[in-house]
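Here are some short exercises to work through with the structure open beside you. Try each task first, then follow the solution step by step.

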Amino acid sequence: MTGMAVANIMVVDDQPTNLKLLEDILRDQGYAIRSFPRGRMALASAAQSPPDLILLDINMPEMNGFEVCERLKSDRRLSRIPVIFLSALNEVEDKVKALRCGGVDYITKPFQVAEVQARVETHLELHRLRRALEKHSDHLEEVVRSRTRDLADAHARLKILDQSKTDFLHLISHELRTPLNGLLGVSQIILS
């Protein structure tokens, strides 16, 4: 993390002990942490200041993690934030549902510190690289648009020059024929 901005991670879990454990694990890695016990609070905070990554519990009162993730993914400004689901549910169907609703990974409880650190690090790096790629792509698109405008301008100037050349050649041709027509006319009169 040297030389880079500190990643901002949001943790959403209705269990205070889980929140505390995740805060400790992630703060020890140097991340800025925002914790929320409810999905609605997390959504409001994310809308105000989007985090770089979200760790999201599935089983919560009011709104479960799947609903929270779906709402995040339906918001254009928040849709690209990687979401890692947290759950004691270890069934394949739950993991598949988590991934299908927009999650990028799934960590089962009880947490293993090294696993949490590795997955968070990996997804933050992927997110950073994706943003860099998008920025580079946007830059390339702007370069292409600029070059296309330059080519269109050059083409328009060439058309004007080509028309000027054509007009000039017609004028010269006309001017050369006019005296010759006079001479030809006089010579025909003399011959007659």
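**Exercise 1. Which residues of H1 are buried, and does the length of this helix agree with its residue count?**

Solution. Keep in mind that this is a predicted model.
- Step 1: The buried residues of H1 are Asn18, Leu19, Leu22, Glu23, Ile25 and Leu26.
- Step 2: An α-helix has 3.6 residues a turn, so residues three or four places apart point the same way.
- Step 3: Look at Glu23, which sits in helix H1. With a relative accessible area of 17%, Glu23 is buried, because the cut-off for buried is under 20%.
- Step 4: Leaving aside neighbours within four places in sequence, Glu23 is in contact with Ile33 and Ser35.
- Step 5: Now the length. Helix H1 covers residues 16-28, and its 13 residues should span 18 Å at 1.5 Å a residue. The end C-alpha atoms are 18 Å apart, so the two values agree.
- Step 6: Just after H1, Gly30 takes a positive phi of about 95°.

**Exercise 2. What is the strand order of the sheet, and which strands are at its edges?**

Solution.
- Step 1: The sheet is open, has 5 strands in the order E2-E1-E3-E4-E5, and its pairing is parallel.
- Step 2: The edge strands are E2 (32-36) and E5 (105-108), each of which pairs on one side only.
- Step 3: On average, neighbouring strands of this sheet are turned by 20° against each other, direction ignored.
- Step 4: Take strand E1 (residues 8-12). It pairs with strand E3 (residues 53-57) in the parallel sense over 4 bridges, and Val11 stands opposite Leu55 in E3.
- Step 5: E1 also pairs with E2 in the parallel sense, over 5 bridges; here Asn8 has Ala32 in E2 as its bridge partner.
- Step 6: Of the 5 residues of E1, 4 are buried, so this strand is largely enclosed by the rest of the structure.

**Exercise 3. How do H2 and H3 lie relative to each other: roughly parallel or roughly antiparallel?**

Solution.
- Step 1: Two packed helices are described by the angle between their axes and the distance between the axes.
- Step 2: The axes of helix H2 (residues 39-48) and H3 come within 10 Å and cross at roughly 20°. That makes H2 roughly parallel to H3, because angles under 35 degrees count as such.
- Step 3: The crossing of H2 and H3 is right-handed.
- Step 4: At the contact, Gly39, Arg40, Leu43 and Ala46 in H2 meet Val68, Arg71 and Leu72 in H3.
- Step 5: Gln48 is also found in H2 and is exposed, with a relative accessible area of 71%.

**Exercise 4. Across which strands do H3 and H4 lie?**

Solution.
- Step 1: Helix H3 (residues 65-74) lies across E3 and strand E4 (83-87), running at about 175° to E4.
- Step 2: Helix H4 (residues 92-100) lies across E4 and E5, and runs at about 145° to E5.

**Exercise 5. Where is the cis peptide bond, and what is the phi of Glu62?**

Solution.
- Step 1: Most residues other than glycine have a negative phi, and most peptide bonds are trans.
- Step 2: The peptide bond from Lys109 to Pro110 is cis, with omega near 0°. Pro110 is found in the loop between E5 and helix H5 (113-191).
- Step 3: Glu62 is a residue other than glycine with a positive phi, near 70°.
- Step 4: Glu62 lies in the loop between E3 and H3 and counts as exposed at 55% relative accessibility.

Terms used
Residues numbered from 1 in each chain as written. Predicted model: local features only at pLDDT ≥ 70, side-chain atom pairs only at ≥ 80, totals over all residues. Heavy atoms only, no water. Helix = DSSP H or I, 4+ residues; strand = E, 2+ residues; numbered from the N terminus. Expected span 1.5 Å × (residues − 1). Buried < 20%, exposed > 50% of the residue type's maximum accessible area, 1.4 Å probe, protein only. Pairing = 2+ DSSP bridges. Axes fitted to C-alpha atoms, helices over the stretch in contact; angles between N-to-C directions. Contact = heavy atoms within 4.5 Å. Parallel < 35°, antiparallel > 145°, perpendicular 65-115°, else oblique. Left-handed = near helix turned anticlockwise from the far one by under 90°.
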